[in-house]
Amino acid sequence: NLMHPEGSGSGIGAYYTKTTLTDSVMEGLVWWQAFLTAGRGRFVRPSKAGVLTSLFGDGSGTGTGGTIRLPDSPRLQWSATWSVNVFRFTSNGKELNTLYHSLVIIRDTCDRQAIRRTTVFYFTDSMVVYFVASASSSKEPDLHASITKIRLLEIEMDIQVVVIHIPGFVMI
């Protein structure tokens, strides 16, 4: 839809029309370049299937945080207060940024080989985050930018992130 927006033709003929490479299209191409250059694709089953890596996260109006359980490591807990420039984001944007920051913590603190080729389960009470992560896409530009950053981290760390929705009262 970014390359050939609605109204630019229908069927296969739309792909033979001229288009403009907008910033959104270029951002998408960055993801595809990283994905294709890595040459690994997305693994169907992790090689470390017996390893549980779990994240519980919550991004509220003023703060964010979560717990991280890495293989052969004690549980990590983190929390932070959103800076003023994040207040413009929706609650769903904050939830996706919580996932992103949790992955950055994993990248920066764990042994890369210990986490490589594992599935990381992220538990959230946000249905929107679940659907955006499942589709790896969103029509909302901020959410789409966030899920793109998350998927690029997946490629960099050679992990697979699976988002699971659980009701908020269960998380508590």
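## Strand β4

Strand β4 covers residues 119-124. In this predicted model, the strand is mostly covered. Five of its six residues are buried.

## Pairing with β5

Which strand pairs with β4? The partner is β5, made of residues 160-165. The two strands run in the parallel sense. Six bridges join them. One residue pair shows the match: phenylalanine 123 has isoleucine 164 in β5 as its bridge partner.

## Valine 163

Valine 163 also belongs to strand β5. Is this residue buried or exposed? Valine 163 has a relative accessible area of 8%. Buried means under 20%, so valine 163 counts as buried.

What does valine 163 touch, leaving aside residues up to four places away in sequence? Its contacts are Leu99, Tyr122, Thr124, Val129, Tyr130 and Ala133. Tyr122 and Thr124 fall within the residue range of β4. Tyrosine 130 lies 33 residues from valine 163 along the chain. Even so, the C-alpha atoms of these two residues are separated by 5.7 Å.

## Helix α1 and a surface patch

Helix α1 spans residues 23-38. Methionine 26 sits in this helix. How much of methionine 26 is accessible? Its relative accessible area is 39%. That value lies between the 20% limit for buried and the 50% limit for exposed, so methionine 26 is partly exposed.

Methionine 26 also helps form a nonpolar patch on the surface. Leu21 and Leu29 make up the patch with Met26. The patch has an area of about 270 Å².

Methods. Residues numbered from 1 in each chain as written. Predicted model: local features only at pLDDT ≥ 70, side-chain atom pairs only at ≥ 80, totals over all residues. Heavy atoms only, no water. Patch = residues over 30% accessible without salt bridge, like charges linked within 9 Å, V, L, I, M, F, W, Y side chains within 5 Å. Areas by Shrake-Rupley, 256 points an atom, 1.4 Å probe, with all protein chains shown as cover. Salt bridge = Lys/Arg side-chain N within 4 Å of Asp/Glu carboxyl O. Helix = DSSP H or I, 4+ residues; strand = E, 2+ residues; numbered from the N terminus. Buried < 20%, exposed > 50% of the residue type's maximum accessible area, 1.4 Å probe, protein only. Pairing = 2+ DSSP bridges. Contact = heavy atoms within 4.5 Å.
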